[in-house]
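Reader: Could you take me on a close look at one part of this model, the salt bridges and the strands around them? I'd like a connected story rather than a list.

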Amino acid sequence: QVQLVESGGGLVQPGGSLSLSCAASGIIFRLHRMGWYRQAPGKQRELVAHATSGGITNYADSVKGRFTISRDNAKNTVYLQMNSLKPEDTAVYYCNAVPTWDPGVNYWGQGTQVTVSS
């Protein structure tokens, strides 16, 4: 059974930082592309960042230079370091895993709320 468990969300003031973690189980972690998506109220879910099994990273333009995705294959965990947070970063953040051999498959976590507000 695949499980992706996010943690680290919360309330932060504009300009602040948060770090999200996603612990994966039930998959061969090193053979999955791992990513973070977010969904704000009334909006579609969008890609924030992903890291391939080979360590190549990709970011949405809106978070480039502020967010950093990283993965620890030994711990089956992917991280998202978020700096210089803005109110428009407020959303539910979801962890995502895609196997390298079947890009049509998506596994999702339950999501963690990030709220940026003064």
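Author: Let's start with R38: its relative accessibility is 5%, and since buried means under 20%, R38 counts as buried. Keep in mind that we're looking at a predicted model here. The R38 side chain meets that of D89 in a salt bridge, at 2.9 Å from N to O. That contact reaches across distant parts of the chain: R38 sits in strand 4 (residues 32-39), while D89 is in the loop between strand 8 and strand 9 (91-99), 51 residues apart. D89 is buried too, with a relative accessible area of 0%.

D89 also has a salt bridge with R66, at 2.8 Å from N to O between the side chains. R66 lies in the loop between strand 6 (57-59) and strand 7, and D89 in the loop between strand 8 and strand 9, so this pair ties together parts that are 23 residues apart in sequence. With a relative accessibility of 10%, R66 is another buried residue. Put E46 into the picture and you have a network of salt bridges that links R38, E46, R66 and D89.

The structure holds 4 salt bridges. One of them joins the side chains of D61 and K64, at 3.1 Å from N to O. Here D61 is exposed, with a relative accessible area of 64%.

Now for the strands. Strand 7 covers residues 67-72, and strand 8 covers residues 77-82. The two run antiparallel and are joined by 6 bridges. Within this pairing F67 stands opposite M82, and the bridge partner of I69 is L80 in strand 8. Together strand 7 and strand 8 make a hairpin with 4 residues between them, and N76 in the turn has a positive phi of about 55°.

Strand 7 also has two faces to look at. F67, I69 and R71 make up the covered face, while T68, S70 and D72 are on the uncovered one.

Zooming out, the hairpin belongs to an open sheet of 4 strands, in the order 1-3-8-7 and with antiparallel pairing. Strand 1 (3-7) and strand 7 stand at the edges with a single partner strand each, so one side of each is left without a neighbour in the sheet. On average, neighbouring strands of this sheet are turned by 15° against each other, direction ignored.

How values were computed
Residues numbered from 1 in each chain as written. Predicted model: local features only at pLDDT ≥ 70, side-chain atom pairs only at ≥ 80, totals over all residues. Heavy atoms only, no water. Buried < 20%, exposed > 50% of the residue type's maximum accessible area, 1.4 Å probe, protein only. Pairing = 2+ DSSP bridges. Axes fitted to C-alpha atoms, helices over the stretch in contact; angles between N-to-C directions.
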